[in-house]
Every structure is written in C-alpha cells, then in structure tokens.
Amino acid sequence: MARLIGRDSELAALSRGLTDARRGRSGLAVCAGATGTGKSTLVSTLIADADNVAMRVRWASGLDSPEPPPYWILRQVLAGDAEPWDGDGGELARLLTELGADSGILVVVEDIQWADEPSLGILAELLRAGTGRFLVCATLREPDAEPSAGWLARGDELLGAPLLEQRRRPLCVGQAGPGLDGRRDPLLVVVGHPGCAGVQQPDG
Ligand SMILES: Nc1ncnc2c1ncn2[C@@H]1O[C@H](COP(=O)(O)OP(=O)(O)OP(=O)(O)O)[C@@H](O)[C@H]1O
Ligand SMILES: [Mg+2]
C-alpha cells in the first residue's frame, strides 16, 4: 500500500476504536469528506491494522439509490453467514454480535449516506446496547452525494448527534482541522460510541 501522507491523528483515533472494540467497547467511526478526499484509503489502512491483530473484517457499501433494498448493508456484511435468511432483522443483529464475540470484528460500511434504513436501525440499536466487540467504520460522502431516505431518517440517531454539531458533543475523539461546516478540511474522522458518557478531547 502506498504511504499515506498525513492522517496520523485520524489513524490514531481509528486504531483506538479498534482496540476499544476488541476490549468489548463497541463503537462507530465515521470518515466524512467530499469525493476523493481519501476516505477509502484511510479505511483500507484500518483494515490492514485489523488483519494484523486477527480481527474479523467485513465490508459493505451503500447503494446509490434513494430507496436501497431493506438490509442491503447487513446482508453484504453477513454474506455467507446469513444464508438462507428468512427476513428477520433480529437474526442479522444476533449473527453480527456472534461474529465479533471472540476476537472482535471491523465492519466497514462505505458510502453510508446511501445505506438502507433497516440496516442503520440495527446498527444504531447494537451500538446503543453497547454489547459485542465491533467497530463500525463508515465513510460518509459529503457534500457531494444525495443521501438515501434511510440515512436521512436514521443518520443522526446512528451518530448520536448531527454530524455538523459533533464538536459540541462528547462523540469526537479524533478530528482534523475545522470540520465540515468550515468546508476547508478535506476529511473529518469521528470516532465514538453514541451513548458515550466520557468525554475524550480531540487530538487536533
Ligand atoms: N493520505 C493520503 N496520502 C496519499 N495519497 C492519498 C491519501 N489519501 C488518498 N490518497 C489518494 O487519493 C486518491 C483518492 O483517495 P480515495 O479513493 O481514498 O478517496 P475517497 O474519499 O474514498 O473518494 P470517494 O469519495 O470517491 O469514495 C487515491 O488515489 C488515493 O491513493
Ligand atoms: Mg471511497
């Protein structure tokens, strides 16, 4: 893999998220930025880190459609584990928890702004419950993509706070630059648990 230029504080925040997940503190990391700002590159580095510590890695991507099929995301994540599947979302939640039970699991969700609502609902529920050993690492293409109805309905719930307000909430442990609202920073990394009570200061 080509060497990353910069991104040290973002990688450090993401890698803390991996460690937390393996210790039983599941969480969410969001790499947000405009098209081509290096979101997927950052995530691929995190995938390599997870591989190095023998964490499971599963990958899914949102579908560029206003109404993606229900469970589109989770069915990709659990492909091979959830077949045949009877349409029960609870079964997907249980499988995901089980998969991470031993060494933890990194769940990559690319283009989460196009995710389906039922998958987002389950991920939010799992994160709220605070059980399991997983890190959900999502990329969020902003401001270039028209979000799915599911993201519009569930995005704030998943993040625990509207992304644009995250600096006022205890969600952020790693952040580069002034954030999306300033439109100057190419990438924002938010790592945390939506129900997180402890405040950790941003690095940058
Ligand atoms: N930190 C970095 N150092 C060096 N090159 C980088 C870095 N981040 C990204 N790149 C390069 O920039 C290009 C775009 O990166 P990438 O595909 O990760 O962006 P993206 O934000 O995922 O784009 P998209 O919104 O289209 O999904 C790639 O060629 C990648 O190799
Ligand atoms: Mg990408």
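In this predicted model, pLDDT stays under 50 over residues 193-204. The model nevertheless has 31 contacts for this stretch beyond four places in sequence. Averaged over the chain, pLDDT is 78. A score of at least 70 is reached by 76% of the residues. Residues 161-186 form another stretch with pLDDT below 50. There, the model has 64 contacts beyond near neighbours in sequence.

Strand S3 spans residues 105-110. Six of its six residues are buried, so the strand is largely enclosed by the rest of the structure. Burial extends to both faces of S3. One side carries Ile105, Val107 and Val109. The other carries Leu106, Val108 and Glu110. The charged residue Glu110 is thus listed among the buried positions of the strand.

S3 pairs with strand S2, residues 56-61, in the parallel sense. Six bridges connect S2 and S3. In one of these pairings, Val109 of S3 is the bridge partner of Ala60. S3 also runs parallel to strand S4, residues 134-141. Five bridges join S3 and S4. Ile105 stands opposite Phe134 of S4. Between S3 and S4, the chain passes through helix H5, residues 117-129. The resulting β-α-β crossover is right-handed.

Helix H5 includes Leu126. This residue has 22 other C-beta atoms within 10 Å; the cut-off for burial is 20 or more. Leu126 therefore counts as buried. Beyond its neighbours within four places in sequence, Leu126 is in contact with Ser26, Ala93, Leu96, Thr97 and Gly132. Leu158 lies 32 residues from Leu126 in sequence. The C-alpha atoms of Leu126 and Leu158 are 10.0 Å apart.

Turning to the ligand, 14 residues surround ligand 1. Those that come nearest are Ile5, Gly38, Lys39, Ser40 and Thr41. Helix H2, residues 39-52, gives the largest share of the shell, with three residues. By residue class, the shell around ligand 1 holds eight polar, three charged and three nonpolar residues.

Technical notes. Residues numbered from 1 in each chain as written. Chains lettered and ligands numbered in written order. Predicted model: local features only at pLDDT ≥ 70, side-chain atom pairs only at ≥ 80, totals over all residues. Near = placed C-beta within 6 Å. Helix = DSSP H or I, 4+ residues; strand = E, 2+ residues; numbered from the N terminus. Buried ≥ 20, exposed ≤ 12 C-beta atoms within 10 Å, placed from the backbone. Pairing = 2+ DSSP bridges. Right-handed = clockwise from strand over helix to strand, strands pointing away. Contact = placed C-beta atoms within 7 Å. pLDDT = per-residue confidence, 0-100.
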